[in-house]
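Trainee: I have a model open and would like to go through its backbone and its ligand site with you. Can we take it piece by piece?

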Amino acid sequence: MKTVHGGLDAAELRELGLRPEQVIDFSSNINPLGTSERVRQAAAHADLSAYPDRDCLALREALSERLGVGIDHLLVGNGSTELIHLLARALLREGTTVLILGPTFGEYEAAGRLASADLQRITARESDGFSWRLESAERVIKQVRPNLVFLCNPNNPTGLYLNGEQVEQIHAAIGPEGVLVLDDAYVSFSDEPWDSIRLLQADNVAILRSMTKDHALAGIRLGYLAANPTLIVDVSRFQPAWSVNSIALAAGLAALEDQAHIDAARVVVQTSKAYLYEQLSDMGLGFTRSAANFLIVKVGDAREVRAGLLRRGVVVRDCSSFGMPEHIRVAVRRREECEQLIGALRQVLER
Ligand SMILES: Cc1ncc(COP(=O)(O)O)c(C=O)c1O
């Protein structure tokens, strides 16, 4: 079965007689300002006739300088999703165990299943505000002794953001035989980001970042993995040649020069999130105080509410596939777009 994701569904829109430009996408959590002009220009000038650099050397050099790690600690991928699957292929097989802290991004489970690993879960409860109970998580990890642990921070969809000490607590429980994969996909938009790169001092930590999210490159996809050089070599053996295309490489290089675009987006996320909190409170709806650029809202029948919103030109993520059929997840977009979301939600819920 295919993993469920946000984003527009062409067949569904066609059935409803809607064109993609007639709907606002609150179901994928990318930079609310879209792709910057600088990145667009760089992408437009990529040489389409030549094969891309298989080693992504220039981009790895730029990332190395930015992050303060050697280029042998870096692997670039066709989105971080490719890297999640490569990690699973390199580290898991029948008889191994993958542990997932959920509810969370569906590709971890998909990758673990494809690698025939045994799947274990630690699931946060709604009654705990979707926070994990770390002491009991520690106990489970020590008991299960997983080979791979996926931790999304801030977590999709709950918006929970663990601090450095809490992540280190999980890491310590894993022990030297297992690898902690910390998925930082949304860290650029989090309220008070902390630098996870320091965790690379340990050989069994791998950090995933998504430039797709940071710079709104969902149409071309770009992500990277930072880890110890041995793990990088192990993982890269499974990557097909030329996986990262020339447009993505050119866009990625320009994106790293455009921190201002992320900074501007952070301001938009902060102000729009405050607006959404205020409106959702006024409507009497339950929602999470999310550290990220999305939040979950308790609406009752999420599938029905999503359908009602779609008819009004707004797409949100129905959280049923996360095991949360009463919640929708909405991305934090520009204020005027959030006003349209709230208007549509008020109509659908009659509040
Ligand atoms: C937590 C998380 N990680 C990774 C990804 C994948 O992003 P990409 O493959 O585009 O880099 C997503 C996308 O939704 C995500 O939510």
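Trainee: Where does Phe130 lie?

Mentor: Some ground rules: this is a predicted model, so local features need pLDDT of at least 70 and side-chain atom pairs pLDDT 80 or more, while totals for chains, interfaces and linings use all residues. Residues are numbered from 1 along each chain as its sequence is written, and side-chain values use heavy atoms, with hydrogens and water left out. Helices (H or I, at least four residues) and strands (E, at least two) are DSSP runs, numbered from the N terminus. On that basis, Phe130 sits in the loop between strand E4 (118-123) and helix H6 (134-144).

Trainee: Phe130 has a positive phi although it is not a glycine. Is Phe130 buried or exposed?

Mentor: That phi is about 60 degrees. Buried means under 20% relative accessible area, exposed over 50%, and partly exposed in between (1.4 Å probe, protein chains only). Phe130 has a relative accessible area of 7%, so Phe130 is buried.

Trainee: And Glu350, buried or exposed?

Mentor: Glu350 also has a positive phi, about 50 degrees, without being a glycine. Its place is in the segment after helix H13 (335-349). With a relative accessible area of 73%, Glu350 is exposed.

Trainee: Which residue does a cis peptide bond join to Asn153?

Mentor: Look in the loop between strand E5 (148-152) and helix H7 (164-174). The cis bond there has an omega of about -5 degrees, and the partner of Asn153 is Pro154.

Trainee: What is omega for the peptide bond from Asn156 to Pro157?

Mentor: Pro157 lies in the loop between E5 and H7. The bond from Asn156 is cis, with omega near 15 degrees.

Trainee: On to the ligand: how far is the polar side-chain atom of Tyr186 from an oxygen atom of the ligand?

Mentor: Tyr186 is among the residues that come nearest, out of 14 around the ligand; a residue counts as near if one of its heavy atoms lies within 4 Å. A backbone N or O atom of Ser80 lies 2.7 Å from a ligand oxygen, and a polar side-chain atom of Lys213 lies 2.8 Å from one. For Tyr186, the distance is 2.6 Å.

Trainee: What share of the ligand's exposed area does the protein bury?

Mentor: Accessible areas come from the Shrake-Rupley method with a 1.4 Å probe; for residues, only the protein chains shown count as cover. Taken alone, the ligand exposes 400 Å², and the protein buries 92%.

Note on methods
Polar contact = N/O pair within 3.5 Å; in protein donor to acceptor, adjacent residues only side chain to side chain.
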